[in-house]
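Dear colleague,

Please find below the structure that I am handing over to you. My notes on it follow directly after.

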Amino acid sequence: MAREYTINVGCNDPRVHRQILPTFIIKRKIIKVLAKYFDGFTMVKATGFYKGEKENSFILYFYDTTLERVTDCAEELREELKQESVIVSTRIVKSAFIEK
């Protein structure tokens, strides 16, 4: 069994309740932060709702790491993207790396 971690982060600016930066800029900012913490991850663009408001968001998946590292990254993402909050989740999954 393995542990899967996720970070869910929205794109709306909480001061104006809408997205100000283009999604591709937000994606670049996220990748820049993630590269400081991880050498591998999966990033999925999604639609989320926060406090009843629809927003673009990203779901980030990590394996072979620690909750502390994911939490540190999540805090930096929250600050970089000026979010009120981000979600960090963890769950036990059955997974395997299929390698050559």
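The notes below go from the overall fold to the charged pairs, then to one glutamate and two loop residues.

Please bear in mind throughout that this is a predicted model.

Overall fold

The chain contains 2 helices and 4 strands, and these elements follow one another from the N terminus in the order β-α-β-β-α-β. Its radius of gyration is 14 Å, close to the 13 Å that the globule rule gives for 100 residues, so the chain is as compact as a globular protein of that length. The C-alpha trace extends over about 45 × 25 × 25 Å along its principal axes. Of the 100 residues, 33% count as buried. The exposed surface of the chain comes to about 6900 Å², and carbon and sulfur atoms supply 52% of it. Among the contacts with a separation of 6 or more, 69% are between residues 24 or more positions apart.

Salt bridges

How many salt bridges does a search of the whole structure find? The search returns 6, and three of these deserve a description here.

One of them joins Lys29 and Glu80, with the closest N and O atoms 3.1 Å apart. Lys29 belongs to helix H1 (residues 23-37) and Glu80 to helix H2 (residues 67-80), so this pair ties together parts that are 51 residues apart in sequence. Both partners are partly exposed: Lys29 has a relative accessibility of 25%, and Glu80 has a relative accessible area of 34%.

Another salt bridge lies within helix H2, where Arg78 and Glu75 are 3 residues apart, a separation of about one helical turn. Their side chains meet at 2.7 Å, N to O. Arg78 is partly exposed at a relative accessible area of 25%, and Glu75 is likewise partly exposed at 34%.

A further pair is Asp13 and Arg15, whose closest N and O atoms are 2.5 Å apart. Here a buried residue meets an exposed one: the relative accessible area is 9% for Asp13 and 61% for Arg15.

Glu55

Which side chain of opposite charge is nearest to Glu55, and how far away is it? The answer is Lys51, at 10 Å; Glu55 is buried yet has no salt bridge. A salt bridge requires a side-chain nitrogen of Lys or Arg within 4 Å of a carboxyl oxygen, so a lysine at that distance does not qualify. Glu55 is part of strand E3 (residues 53-62), and its side chain reaches the backbone nitrogen of Asn12 at 2.8 Å. Leaving aside residues up to four places away in sequence, Glu55 touches Gly10, Cys11, Asn12, Ala46, Thr47, Gly48, Tyr50 and Gln83. Asn12 therefore appears both in this list of contacts and as the residue whose backbone nitrogen the Glu55 side chain reaches.

Backbone angles in two loops

Most residues other than glycine have a negative phi. Two residues in this chain call for a remark in that respect.

His17 has a phi near 60°, a positive value in a residue other than glycine. His17 sits in the loop between strand E1 (2-10) and H1, and is partly exposed, with a relative accessible area of 48%.

Lys82 is not a glycine either, and its phi is positive at about 55°. Lys82 is placed in the loop between H2 and strand E4 (87-93).

With kind regards

Key
Residues numbered from 1 in each chain as written. Predicted model: local features only at pLDDT ≥ 70, side-chain atom pairs only at ≥ 80, totals over all residues. Heavy atoms only, no water. Buried < 20%, exposed > 50% of the residue type's maximum accessible area, 1.4 Å probe, protein only. Lys, Arg positive; Asp, Glu negative; His and termini not counted. Polar contact = N/O pair within 3.5 Å; in protein donor to acceptor, adjacent residues only side chain to side chain. Contact = heavy atoms within 4.5 Å. Rg over C-alpha atoms; globule rule 2.2 N^0.38 Å. Areas by Shrake-Rupley, 256 points an atom, 1.4 Å probe, with all protein chains shown as cover.
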